[in-house]
Amino acid sequence: MTAAVTADPAGRDRDGRRRPAVPSWALGIAGLAGLMALAELVPRAGLVRERYLPPFSDMVSALADQAGTDAFWRALLETLRGWAIGLAIAMAAGVVLGIVIGGVPPLRAALTSTIEFLRPIPSVALIPLAVLLYGTQMRSTLLLVVYASFWQVLMQVLYGVQDVDPVARETARSYRFRPLTQVRTVIWPTALPYVMTGFRLGAAVALILEITGELVIGSPGLGRQIAVAQNSNAVPSMYALVIVVGLIGMLVNAAARAVERRALRWHPSVRREVVS
Amino acid sequence: MIKVRAALAAASLLLLAACGGGGGGDASGDGPTTVKVSVIPIVDVAPIYLGNQQGFFTEQGLRLQIETAQGGAAIVPAVVSGQVDFGFSNLTSLILGASKGIPLKVVAPGAGSTGVQRKDFGGVLVKAGSPIRTAKDLAGKRVAVNTLNNINDTTVRASIRAAGGDPKSVKFTELAFPDMLAALDKGNVDAVQVVEPFLATGLKNGARLVASNYVDTAPNLTIAGYFTSQKTVASKPELVKKFTAAMQKSLKYASDHPDAVRKVLGTYTKIDPSVAGSLTLPTYPAQVNAAGLQTLANLAVQDGLVKSAPDLKNLQP
């Protein structure tokens, strides 16, 4: 899109700002390549023992071996499924409760202290409870995922509802808009950017808790595969799976951003980003 | 409205992904009874995977559903609350549970010591150049075990005692099995109590075996077993009988076919095939060694894990 500008001999774009000599995506790739080279060289040079941190190439070949097994793909699906179900529940509950609690000031005042008490409880601390309730099944991890990402969404929705222009709200009220119409025409458009932020934060947190649950509880998924590899002393496989989890994290973040952009195309914050 | 559509699209995408691998609920009725068993994915539980492969559970009209947990700590609650029908655990954990009044019952043995000095599936390793030569030298040293106040520290103390050392002065540190060899290498601990595949790996990397702690404790010690709750014993006697029968057949088969055991390891662990071919397998005994169980209970009392030994009659099959 900047083909014409690139020809500019001064290396400046239309606004006269200096563009960096190397595009940012190239720098990103260079950074990754550097990390890979480091992960290859450090064990090769004997700085750490290969049997505890194998060279990067060993991890890649272990990853290739993994990719040829059914168990790997099943685990990947199980992880994605747990993440998606957990996030969907957290989103639905967070948005509905957020709008209800945020929209009724006395309710909000009554619940603030409760929310502030429950929110900081780390999900991981609920592992014993989850195991007692659901054993080592997927549901116990789901509980952790929903608990952690729900607060991310709820808090954002509460902020969003609070941000509604009082004049618009009063106007809607004096025109006797029905509550659902008020939510649709007044509250939702204001809250949507916040909801999307909650979605992005929740998506990342949900993945962290999904993997943690699988790793610690042993519910099915990539986390459990990592634990099995660890218990089998299959060190390169373990690191290979860790790399996969990292890649999923990157994809989840990119996908959440894409959804956010699409849902907020009309919003000034996104429009400005696209223009610049 | 575009934004509503986008939000809907995102939501439906999530739901779609959510529904992706669902379904497959169990059909109750005349078909096979589903039996849920919670195990730790280690060498000890190879017979249940092997027996399932050989159809020993189907023969009994059971459809086996194996769930894996990361440790015994998650298994006992799951069995007691009825989340799963049976669980796998070492016997000391079950003795501790029983002495705390948790109603448990062993229904089949799981894995046992080979009973052969220096050729067991678990043991105490030290670094190649360590001054520690025998279990007696462990007194006053730092020894890593995977769980404090459980079977591994009490049996290491038994080793020291048998060698004429002072078991009270040994300092135990809790470390997960996968972290032990690295900790030994770095000198964070003086000795580690490991089981396969870490024992074979450690020996291959130059560590030295100083004690076979399970062998020192009692002859032909049964280490672990499959258990259920007394409630299940009372309410589903048929299920318990069938499971025990299938388990017995699986243990026998595993005992007679060590090569099949080594092969089945590849299906539920990621142990390197070359290691799986050379590691020392535990025995898969036909019954729980009663004398050994009594010894473990006595050690639990002696080392202060419990105040008084539980009535082992209720625990035993």
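A residue is called buried here if 20 or more other C-beta atoms lie within 10 Å of its own. By that standard, 51% of the 317 residues of chain B count as buried. The model is predicted, and the values that follow were computed from its atoms. The description starts with chain B, moves through its two sheets, and ends with the contact to chain A.

In terms of secondary structure, chain B comes to 15 helices and ten strands. Much of its folding brings together residues far apart in sequence: among the contacts in chain B with a separation of 6 or more, 80% are between residues 24 or more positions apart. The domain assignment splits the chain into domain 1, made of residues 33–113 + 220–315, and domain 2, residues 122–217. Domain 1 of chain B is thus written in two stretches, with the residues of domain 2 of chain B numbered between them. Taken over C-alpha atoms, the centres of the two domains are 24 Å apart. Where they meet, domain 1 of chain B contributes 19 residues and domain 2 of chain B contributes 14 residues. On the domain 1 side of this contact, at least two residues each come from α5 (91–99), α13 (273–278) and α14 (290–302) of chain B. Helix α14(B) gives the largest share of that side, with four residues. By residue type, the same side of domain 1 of chain B holds eleven nonpolar residues, seven polar ones and one charged one.

Two sheets deserve a closer look. As a reminder, strands of a sheet pair through backbone hydrogen bonds, and they may do so in a parallel or an antiparallel way. One open sheet of chain B has five strands in the order β2-β1-β3-β10-β4, with mixed pairing. Its edges are formed by β2 (62–68) and β4 (104–112) of chain B, each of which pairs on one side only. On average, and ignoring direction, neighbouring strands of this sheet are turned by 25° against each other. Within the sheet, β1 (residues 33–39) and β3 (residues 86–90) of chain B run parallel and are joined by two bridges. Here V37(B) is found opposite F86(B) of β3(B).

The other open sheet also has five strands and mixed pairing, in the order β7-β6-β8-β5-β9 of chain B. Its edge strands are β7 (171–174) and β9 (208–211) of chain B; each has a single partner strand, so one side of each lacks a neighbour in the sheet. The average turn between neighbouring strands in this sheet is 35°, direction ignored. Strands β5 (residues 122–126) and β8 (residues 191–195) of chain B are paired antiparallel over five bridges, and G122(B) stands opposite V195(B) of β8(B). Two helices accompany this sheet. Helix α6 (residues 151–162) of chain B lies across β5, β6 (142–145), β7, β8 and β9 of chain B, and runs at about 140° to β6(B). Helix α7 (residues 177–186) of chain B also packs on the sheet, where it touches β5, β6 and β8 of chain B and makes an angle of about 145° with β8(B).

Attention now turns to the contact between the chains. Chain A and chain B each bring 35 residues to it. On the chain A side, two or more residues come from each of α4 (70–103), α6 (127–134), α9 (179–216), α10 (222–231) and α11 (235–263) of chain A. The largest share, eight residues, belongs to α4(A). This side of chain A divides into 20 nonpolar, nine polar and six charged residues.

The largest nonpolar core has 161 residues, and V157(A), A206(A) and A191(B) have the most contacts inside it. Both domain 1 and domain 2 of chain B give residues to this core, so the core lies between them. Leaving aside neighbours within four places in sequence, A206(A) is in contact with W83(A), G86(A), L87(A), A90(A), V145(A), A148(A) and S149(A).

A contrasting example is G103(A), which is found in helix α4 of chain A. This glycine has 18 C-beta neighbours inside 10 Å and therefore counts as partly exposed. Beyond residues up to four places away in sequence, G103(A) touches V161(A) and I187(A). From C-alpha to C-alpha, G103(A) lies 10.0 Å from V164(A), although 61 residues separate them in sequence.

Methods. Residues are numbered from 1 along each chain as its sequence is written. Chains are lettered from A and ligands numbered from 1 in the order in which they are written. This is a predicted model: local features need pLDDT of at least 70, side-chain atom pairs count only at pLDDT 80 or more; totals for chains, interfaces and linings use all residues. Domain bounds come from an automatic or database domain assignment. Two residues are in contact if their C-beta atoms, placed from the backbone, lie within 7 Å. Ala, Val, Leu, Ile, Met, Phe, Trp, Tyr, Cys and Pro count as nonpolar, Asp, Glu, Lys and Arg as charged, and the others, Gly among them, as polar. Two strands pair if DSSP finds at least two bridges between them. Axes are lines fitted to C-alpha atoms, for helices over the stretch in contact, and angles run from 0 to 180 degrees between N-to-C directions. A nonpolar core is a set of buried Ala, Val, Leu, Ile, Met, Phe, Trp, Tyr and Cys residues joined through C-beta atoms within 7 Å. A residue is buried if 20 or more other C-beta atoms lie within 10 Å of its own, exposed if 12 or fewer, and partly exposed in between; C-beta atoms are placed from the backbone.
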